[in-house]
Each structure stands twice: as structure tokens, then as C-alpha cells.
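Open the model in your viewer and keep the selection panel handy. We will go from stop to stop, picking something to select and then saying what is there.

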Amino acid sequence: MGESFGLMTEEPRQGGLGPRIDGEWSSTGPYEHPAAGWGAALTVGKVLLEQRQPVAGTKAMFTMNHPKSGFDCPGCAWPDDKGVTLDICENGIKHVTWEMTHKRVGKEFFAEHSVSELSQWSDFELEDAGRLVGPMVYDAETDHYVPISWNDAFRMIAHEITALDSPDQAAFYTSGRLSNEASFLYQLFARELGTNNLPDCSNMCHEGSGRGLTASLATGKGTADLEDWENADALFILGVNAASNAPRMLTSLAEAIDRGAQIVHVNPLREVAGTRTIVPHEIVDMATFHSTPTSTMNLQVRPGGDLALIRGMAKVVFEASETDPTALDQAFLDQYTTGLDAYRALVEATSWDELVEQAGLTEAEIRAAADVYLASRACVISWCLGVSQHQHGVDTVREIVNLLLLRGNVGRKGTGPSPVRGHSNVQGNRTCGINHKPTEDWLAKLDEVCGITSPREPGLDTVHTVAALHRGDLKVFLGMGGNFVRAAPDTTLTAEGMSRCELTAHVSTKLNRSHLTHGKKALILPCLGRTERDEQETGPQSISTEDAMSSVMLSLGSRKPASPHLLSEPEIIARIARATMPDSATPWEWYVGDYDRIRDTMAKVLPGFEGFNELVRQHYGFRIPQPARERDFQTPSGKAEFSDAELPNVIPEEADVLVLQTMRSHDQWNTTIYSADDRYRGVRNIRELVFMNRRDMKKRGIAEGDLVDIVATSRDGSVRSVTAFRALEYDTPRGSAAGYFPELNVLLGPDDYSRQSDQPLMKDIRVRIAKTGG
């Protein structure tokens with residue numbers, strides 16, 4: 001994989017949805033340098049110059065993730081490190097400078113470019129056009145977006161919603177960028193209107209994690225926090241490429257190695273995050289090029305093989321307990337858990353042959369991982385989408401909890417389950433009510449405090465929203481951030497469904513594909529960015545966000561807004577609500593005048609938020625209390641519950657079928673594409689590719705750089721394909737392949753979702769790959 005190819009990429013094949021790339025692409029081979037370090041520093045400098053923000057961007061670096069006086073990074077949800085002055089990363093700087101660009105997209109831009117023309121632009125080109133500066137409405141006669149006043153935009157939304165036969169004909173989508181305050185108002189509006197149709201990005205990412213943890217521990221969140229990471233002597237990292245998806249985690253990994261902890265990375269692809277790093281804020285290390293390992297073991301499971309690995313480790317723990325009574329924390333198990341005997345019987349009945357086959361590892365490798373676990377005093381197990389985006393993602397999360405319970409690794413320092421959330425406030429969205437299946441307790445408290453009557457029928461999640469759009473059952477789609485058409489599975493089906501709406505309205509900072517694949521009527525509503533000053537009746541306003549480890553802190557933007565015509569997300573929501581429900585007793589305008597008023601109401605509704613305004617103004621905010629963290633397990637049994645799921649078969653029955661995973665490139669954040677490069681995977685100027693195992697390529701007569709067709713057969717029998725993608729060799733297990741999201745989302749059919757979590761199977765796409773024209 002060390003050879004460079006000077007070949008031109010093909011034109012996009014999916015209706016212009018893919019990137020249009022000019023120039024040569026190349027494959028330079030595996031990245032041989034430490035993660036982060038000078039590669040990240042040089043990239044940050046380049047980004048600052050390209051966006052013409054060397055001064056403002058540098059200033060932002062010193063205020064990002066600073067409590068009280070700064071703004072929360074709009075990128076990942078990794079917790080802020082209290083001991084670090086520059087708690088930033090390459091991807092965070094990219095995200096912020098992308099928002100702070102000098103480029104503007106206003107009425108002149110839309111007058112020059114029709115929607116049909118813009119539909120042929122790449123995703124990169126659309127967002128690179130700049131910041132949206134005023135509300136726009138689609139003019140079908142001219143095929144252009146044209147200016148509209150905010151009041152007229154709100155009246156249009158109100159007219160379409162009130163004309164519905166039922167509130168359930170509207171969907172209210174939420175991206176992880178939304179603040180806690182805006183999330184609370186958004187769900188309040190939807191529920192006062194009369195629907196629980198609140199799909200969100202978590203439906204596609206960590207729904208399985210929440211459901212698994214809730215079933216086992218009665219909490220939808222991980223119990224570990226950053227202090228626990230700092231006190232663990234064993235860390236297991238499953239299904240996550242930290243160098244790209246949570247780069248600040250590299251600091252925690254390096255610190256763990258320095259104190260002698262063991263770190264086991266589990267991932268089908270061998271990624272740079274599992275090798276070495278130079279943490280950029282460690283000045284001496286940067287100056288001397290001194291790198292630190294980020295792992296002591298790397299295990300390349302087959303896609304979906306994590307459950308078999310964890311069960312194999314549990315098997316070793318039970319074996320050890322026959323001669324060593326300290327292998328199990330029996331006192332903890334007796335007092336705090338239920339279902340141990342059934343689980344032990346299941347594990348002991350599972351043969352090593354089954355475990356080895358399903359994990360894709362040797363028995364020796366599984367035993368080595370178990371030895372690390374048995375030798376540890378305190379262990380944290382962390383995971384991301386490589387675990388949750390599978391048919392059996394809920395069972396795998398529960399199996400992780402099973403293993404932790406065996407040695408009492410829940411509810412004490414240095415221990416616990418720790419899912420890695422991928423977007424800044426996606427966990428806070430759910431905490432604040434963005435949930436299509438809310439509990440009765442939650443709805444009852446909301447109704448009591450806010451004086452409304454919430455609907456009790458479950459609403460639509462993302463997968464079922466796509467299906468309802470395609471059936472024509474949804475007439476209004478309101479997107480609060482994000483890029484739904486590109487993020488959702490089966491992009492073609494989603495786009496077709498969106499076009500059947502009477503109205504689509506998207507609250508955004510930049511132009512994206514969802515604005516161009518619109519309903520009969522369409523609105524673009526531009527909002528303030530996280531870095532920008534939010535002035536309301538009582539002065540500058542702060543918002544709050546929740547990180548992946550349940551800590552809530554204030555975020556204060558100070559930058560002059562990109563346009564005087566931008567509104568904050570809370571104000572947009574409140575004004576839509578008032579226009580739609582003019583007689584509502586909810587004090588929408590009063591809430592927007594001072595966000596403290598929103599937080600005072602939230603404090604009465606949300607468990608653990610009592611005294612919200614005082615708590616969040618503490619220097620580092622506050623951590624939301626979790627009964628499970630105190631070993632108070634509020635499950636039906638009153639104890640942590642072992643699960644006893646059967647070991648799933650993750651191996652395709654057909655010998656020529658590969659399991660394809662979709663993933664981000666390094667120069668990408670969700671659907672935002674910064675460039676067509678992927679530094680850590682050794683490719684440049686190409687996204688229409690598929691990474692394959694060398695032997696799988698040879699078996700199919702595919703050479704490095706060949707054009708291939710990828711064909712997927714969905715559960716419903718329908719066939720989907722992409723053509724002329726480049727095949728590149730990569731260190732991934734036989735029988736597996738990988739490529740980029742969202743280009744490969746088109747391979748997922750409407751029925752390709754987990755029945756456990758309702759998540760799209762983005763890490764489990766069964767495909768056949770052959771040379772184009774072969």
C-alpha cells in the first residue's frame with residue numbers, strides 16, 4: 001500500500017450527491033507518525049489561513065472549552081480537562097474556523113445559483129460557500145431561494161402546521177448541536193402541539209447504548225467520568241477511532257500509559273489512535289518529538305465480533321474463579337446484582353470454537369485480553385459506533401456491563417461503562433426531552449410544571465421518520481441543525497420522501513444537501529453559531545451543554561454574529577411556537593428574554609437539575625447525579641441485571657459476501673466534509689473508495705486502485721449499488737471492508753435497521769464487491 005497512483009476520480013454516480021473532486025488522488029500507505037502532534041498542528045495552521053482567521057481563530061483557541069468565560073466546542077462531546085489550559089484539538093479548531101469563515105451566503109448568492117445548479121455541487125462546495133445570513137424561501141417558479149422576512153417565515157410554518165389533519169403529520173428533527181435550553185423549548189413546543197415525533201441524531205448513533213445501559217443499570221448514560229479514566233489501571237476502547245472522532249481522548253490515553261495503565265484497543269481496522277501520540281499542548285514533547293504509546297494491546301475483531309470477545313473474557317474470569325476466589329467480586333455480586341447464575345451457565349455452555357469463530361480472534365488473544373482485565377484493580381470499558389451500529393448492539397452493550405459487574409467495576413472510583421458520544425450536546429438533547437419514547441414519569445412532570453397535556457403515544461424515530469416521509473405520511477419536516485438527507489440511511493429514499501412534504505424548514509448556519517432536497521415549500525432559517533454573541537432583552541445570554549460523561553457547563557459566545565439578521569435557536573423555536581399556537585399559555589417571549597428563565601423551568605422538570613442556574617455557574621458546572629453511580633440500581637429488580645443473550649452469528653452465510661462498515665474520514669465531522677483527504681489512513685483527494693483486506697482483493701482479482709462496484713441486498717430483498725469506487729488495501733480482517741459515510745449510506749435499505757435499537761446497520765452492510773465491468 002505504499003505506491004502512489006496518479007489517476008483521476010470518476011464523476012459522481014449518485015445523482016450528484018457525492019463529492020466532485022478535481023485533480024489526482026493518491027494512496028500513500030499507512031500513517032507512520034504519531035497521532036496528533038505536528039501533523040495536527042500544521043493542519044490547524046493551514047485551516048486558519050484558508051479561512052482567513054489567523055487572529056480570530058487563534059483567539060478562539062484560548063476561549064474554547066473554558067468554563068464560564070468561553071464557549072463549548074461544537075465538535076465532539078469529550079469532557080473538558082480541568083487541568084489543561086488549551087483543551088483543544090485539530091478537529092475542534094476545524095469545526096470552529098469553518099463556522100467563523102469570512103464567506104457569506106446571502107440573496108446575491110441565491111440569485112446567481114439555482115437549486116438545480118447547487119444540487120450538482122459537492123457537499124464540500126455547499127458548506128464552503130460560507131455562512132447563511134438571512135431567512136430564505138424557495139421560489140418554485142424560478143427554482144431559486146429568495147429572501148423572506150422572519151415574521152413571514154414563521155407565519156408560513158404556522159400555516160402549514162395548523163393545516164395538518166394531525167400534529168403527528170409533522171416531524172421535529174434535532175441535531176446534537178442544539179443547546180440544552182433550545183432542546184427543552186423544542187420538545188415543549190412539539191408536545192404542546194400534540195406529538196412525540198422527535199427524531200434525533202442519537203437514533204442513528206447511540207440508541208443501542210442507551211437501551212442496553214437502561215436495561216442493565218437503569219441509566220441511559222455511562223457511569224464513568226474523566227476522573228474515573230484518570231484512576232483506572234485498565235482501559236478497553238471498543239469500536240472507536242479516537243484520533244478522528246474524539247481526539248482529546250488521546251490525552252487521557254497518553255496519561256494512562258504514563259502511570260502504567262494497560263490500554264486495549266478493539267477495532268476491525270488498525271487505526272493510528274491505537275499506536276502513539278504527541279499531545280499538542282505538551283510543549284516539551286512537541287519540541288523534542290517525544291511520542292507516547294496509546295495502547296498496550298490491539299485486537300482486530302471481525303465487525304460485530306465484540307460480543308464474542310467480551311463473553312470469552314467472561315469465560316476466562318469464571319475459569320479463574322474456580323481456583324482464585326478474588327477473580328469475582330462476590331460481595332458486590334450478592335448485594336447488588338441479579339441473574340448471575342443464568343449468565344454463568346450461558347457463558348460456560350458457549351464453546352471456545354464458537355467464541356473464536358465469531359470474534360475473529362484466536363483463543364490466545366481473547367485470553368490475553370482477559371488477563372489484562374483480571375489483573376486490573378479498576379477498569380473502564382469504553383465504546384462507540386463500532387459496537388452500537390449493529391443488529392445486536394444492545395446485547396453487546398449489556399455484555400460489556402456483564403463483564404464489568406463480575407469484578408465490581410461499576411459504582412466505584414476508576415470504573416464503569418463509558419460510551420463515547422460523537423457530537424457536542426447529543427446527550428444533553430436526550431436529557432432535556434428530545435425523545436420519541438418518553439417515560440410517563442417524565443411527561444407527567446413536564447405537564448405539571450408547564451401546564452400542558454403531552455401526548456402519550458410514542459413518536460417517530462429517525463428510521464421510521466424516513467419510512468413515513470416516503471409513504472407521504474409526514475407533511476411538515478422541521479430540522480433543527482444537521483443535514484438529515486445526508487445523515488439518514490438510504491439517501492435516495494430519504495430525499496424522495498422529503499420532496500413529498502408540503503413544507504421543509506431547516507435551521508442552519510451553512511448551506512447543505514437537505515436545503516436542496518426540499519418539500520413543495522421550503523425555508524432556510526439561519527441561526528447564530530456557538531462562537532457568536534447572543535444578545536436578548538436582558539443582555540448577553542449563555543447556553544448550556546452536557547458532555548459525554550454527564551457534566552453540564554455554560555457556553556458563552558463573544559464573537560460578532562456573521563449577520564445582524566441571525567437569530568438564536570431558542571428565539572427561532574419560541575417564535576415558531578407562538579405563531580403556530582397564538583393562544584398558548586406558555587410564556588415563549590418571556591423565556592427568550594432571559595435564558596435563566598428557561599433554566600428555572602428546566603430545574604423543576606429535569607431530575608438532578610434542581611438549582612440549575614446556581615449549579616451551572618460553578619466554575620466547572622456540575623455533574624448530573626446518577627443513582628447507578630452510587631450503586632442504587634433502579635431497575636425492576638432493584639439490582640443491576642445480568643443479561644443472557646444468545647451469541648449472535650455475525651458471519652455472512654454466503655462465502656462471497658463481505659461485511660462493510662461506514663465511517664468518517666479524518667477530515668470530516670458528521671456530514672461536514674472539510675476536504676477529500678484522510679491523513680491517518682494515507683489517502684488524498686478521494687472519498688469514493690472502499691478499504692479491503694489484501695487477501696479478499698486477491699480472491700476477487702482486484703488490484704490496488706482498481707475501480708469496483710459495490711452491491712448490497714437489503715433485508716426486504718431490494719438491491720442497491722454504487723459503481724466505480726477505488727479499492728484500496730487496508731489492515732482490516734478478512735471478510736470485512738470499510739468506506740465513508742455518507743457516500744455509502746445509499747447501500748442501506750429502509751429495512752436495514754436493528755430490531756433491538758432501531759438504529760441503521762451502518763457497521764453491518766452485507767455487500768458483494770467486484771471489478772467495474774468485470
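This tour visits helix pairs, a pocket, cavities and a few unusual backbone spots. Keep in mind that you are looking at a predicted model.

**Stop 1: α10 and α21**

Please select residues 207-217, which form helix α10, together with residues 393-406, which form helix α21. How do their axes cross? They come within 8 Å of each other, at an angle of roughly 45°. That angle is why α10 counts as oblique to α21. Turn the view along the pair and you will find that the crossing of α10 and α21 is right-handed.

Now show side chains. On the α10 side, the residues that meet α21 are Gly208, Ser209, Arg211, Gly212, Leu213, Ala215, Ser216 and Leu217. Their partners in α21 are Val394, Val397, Arg398, Val401 and Leu405. If you colour this contact by class, seven residues come up nonpolar, four polar and two charged.

**Stop 2: the largest pocket**

Next, switch on a pocket display. The largest pocket holds a volume of about 1,400 Å³. Which residues are closest to its centre? Select Ala218, Thr219, Gly220, Thr439 and Trp442, the closest among the 41 that line this pocket. Helix α10 from the previous stop is one of the elements that give two or more residues to the lining, along with α22 (426-431), α23 and α30. Coloured by class, the lining of the largest pocket shows 13 nonpolar, 17 polar and eleven charged residues.

**Stop 3: α23 and α30**

Two of those lining elements also form a pair of their own to look at. Select helix α23, residues 440-450, and helix α30, residues 595-605. The two axes come within 9 Å and cross at roughly 135°. With that angle, α23 is therefore oblique to α30. As for handedness, α23 passes α30 in a right-handed crossing.

Which residues meet here? From α23 they are Trp442, Lys445, Leu446, Val449 and Cys450, and from α30 they are Thr601, Lys604 and Val605. By class, this contact has five nonpolar, one polar and two charged residues. You have selected Trp442 before: that residue is also among the closest to the centre of the largest pocket.

**Stop 4: enclosed space**

Leave the helices and look for closed voids instead. How many cavities of 30 Å³ or more does a search of the whole structure find? It finds twelve. Pick the second largest cavity, which contains about 180 Å³ of space. Its lining has 16 residues, and the closest to the centre are Leu528, Gly529, Arg530, Asp534 and Ile543. Sorted by class, the lining of the second largest cavity has four nonpolar, seven polar and five charged residues.

**Stop 5: backbone details**

Finally, hide the surfaces and show the backbone. Go to Phe741 and Pro742: is the peptide bond between them cis or trans? It is cis, with omega near 5°. You will find Pro742 in the loop between β33 (736-740) and β34 (765-771).

Then centre on Arg631, a residue that is not a glycine but has a positive phi of about 65°. Arg631 sits in the loop between β24 (622-623) and β25 (640-641).

The last selection is Ala724, another non-glycine residue with a positive phi, here about 55°. Ala724 belongs to strand β32, residues 719-729.

Notes. Residues numbered from 1 in each chain as written. Predicted model: local features only at pLDDT ≥ 70, side-chain atom pairs only at ≥ 80, totals over all residues. Heavy atoms only, no water. Axes fitted to C-alpha atoms, helices over the stretch in contact; angles between N-to-C directions. Helix = DSSP H or I, 4+ residues; strand = E, 2+ residues; numbered from the N terminus. Parallel < 35°, antiparallel > 145°, perpendicular 65-115°, else oblique. Left-handed = near helix turned anticlockwise from the far one by under 90°. Contact = heavy atoms within 4.5 Å. Nonpolar A, V, L, I, M, F, W, Y, C, P; charged D, E, K, R; others polar. 1 Å grid on protein atoms, 1.4 Å probe; cavity = no way out; pocket = protein on both sides within 12 Å on 5 of 7 lines; lining within 4 Å. Points joined across faces, edges and corners; volume = space filled by probe spheres on them.
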